[in-house]
Amino acid sequence: MQLGNRGVWRAQPLLCLSSSSSSSSSSSSSRVSLQEESRCCYRRFFCASFWSPKFLSPPPPQKSALRRFGLRKVIVLRRRASSSSSTTKMTSSSRTTQNFQFGDAISISPKHVFYETPLSFAFVNLKPVVPGHVLVCPKRIVEKYEEMTTEEISDAMSVSQKVAVAVKKIHAANAMTLTIQDGPDAGQTVFHVHVHVMPRKPNDFARNDDIYEKLETCEEEERKARVDADDARKARSEEDMEKEATEIRRAMME
């Protein structure tokens, strides 16, 4: 046998066979010893190959699986933190002076907005049909419900549910009315899709459907009051609306 270029012992079984066969070619015992010697040569070859420096050299340095997992976990947590910070509850300073747009001609003060997401916002009503009557609408001015994107619909409905829970708790109501007036024939006067969220109590109307008739009248009056800025039409003061928005905002943060 001889030492290879890479430190691997390499057997030469043919050489072993020739030397052994010349010395004892007639006896059966010599054939057995020849086979044993050949096996030993191959064994030494395979053992030397396995324990060669090529196999014993350490693997290249790699990041551990725990470290890689930890890095991915940090990235996921950072993404969650950034997404949760974008869904604010009127804590962002960027909304302290910038008004929200409701339709083409109505501007909503940020003091009257008690909840917002990247796609929707909720605000108190100037002339509520019932106590606790508030509105939820998409930030993008969309006239018809069918024109809203799937993301806007999902977000607006999710916000309406959260708002309904808070308003229902504040006014100790046992039922809620959530409705959308989609189009002029349905009573829509502000052409910006919005959800009416109204807490209900027993006998608040003589007939349950009377709320829709009053809703149609009040929405038109509110539109005129906000656009025309006629103080005679305003049912509530700015201070009252701001106070209600603060109360609902606190309830939603609990």
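Here is a quick tour of some residues worth finding in this structure. Keep in mind that the model is a predicted one. We'll stop at a buried glutamine, Gln188, then at a patch of negative charge on the surface, then at some of the seven salt bridges that turn up in a search of the whole structure. The last stop is a pair of residues with positive phi, Ala172 and Asn203.

**Gln188 and its contacts**

- To find Gln188, look in the loop that runs between strand 8 (175-179) and strand 9 (195-200).
- Is Gln188 buried or exposed? Its relative accessible area is 3%, so Gln188 counts as buried, the cut-off being under 20%.
- One partner is Gly183: its backbone nitrogen sits 2.6 Å from a polar atom of the Gln188 side chain.
- Another partner is Glu143, whose backbone oxygen is reached by the side chain of Gln188 at 3.3 Å.
- Along the chain, Gln188 and Glu143 are 45 residues apart, yet 9.6 Å separates their C-alpha atoms.

**A negative patch on the surface**

- Glu143 shows up again here, as one of the residues in a patch of negative charge on the surface.
- Which residues gather in that patch? They are Asp104, Glu143, Glu146, Glu147 and Asp182.
- Glu146 can be found in the loop between strand 7 (134-138) and helix 5 (150-170).
- With a relative accessible area of 66%, Glu146 is over the 50% cut-off and therefore counts as exposed.

**A salt bridge between distant parts of the chain**

- Glu116 pairs up with Lys139 in a salt bridge, and their closest N and O atoms are 2.7 Å apart.
- This pair ties together distant parts of the chain: Glu116 belongs to strand 5 (residues 113-116), while Lys139 is in the loop between strand 7 and helix 5, 23 residues apart.
- How do the two ends compare in what covers them? Glu116 is buried, at a relative accessible area of 4%, whereas Lys139 is partly exposed, at 26%.

**A salt-bridge network around Arg207**

- Which residues are linked with Arg207 in a network of salt bridges? The other members are Asp210 and Glu213.
- In the salt bridge between Arg207 and Asp210, the closest N and O atoms are 2.8 Å apart.
- In the salt bridge between Arg207 and Glu213, the closest N and O atoms are 3.7 Å apart.
- Arg207 has a relative accessibility of 44%, so it counts as partly exposed.
- Asp210, on the other hand, is buried, with a relative accessible area of 18%.

**Two residues with positive phi**

- As a bit of background, most residues other than glycine have a negative phi.
- Ala172 has a positive phi, near 50 degrees, and is not a glycine.
- Where is Ala172? Look in the loop between helix 5 and strand 8.
- Ala172 counts as exposed, because its relative accessibility is 64%.
- Asn203 has a positive phi too, near 65 degrees, and is likewise a residue other than glycine.
- Asn203 is found in the loop that connects strand 9 with helix 6 (210-228).
- A relative accessible area of 76% means that Asn203 is exposed.

Terms used. Residues numbered from 1 in each chain as written. Predicted model: local features only at pLDDT ≥ 70, side-chain atom pairs only at ≥ 80, totals over all residues. Heavy atoms only, no water. Helix = DSSP H or I, 4+ residues; strand = E, 2+ residues; numbered from the N terminus. Buried < 20%, exposed > 50% of the residue type's maximum accessible area, 1.4 Å probe, protein only. Polar contact = N/O pair within 3.5 Å; in protein donor to acceptor, adjacent residues only side chain to side chain. Patch = residues over 30% accessible without salt bridge, like charges linked within 9 Å, V, L, I, M, F, W, Y side chains within 5 Å. Areas by Shrake-Rupley, 256 points an atom, 1.4 Å probe, with all protein chains shown as cover. Salt bridge = Lys/Arg side-chain N within 4 Å of Asp/Glu carboxyl O. Lys, Arg positive; Asp, Glu negative; His and termini not counted. Charge placed at Lys NZ, Arg CZ, Asp CG, Glu CD.
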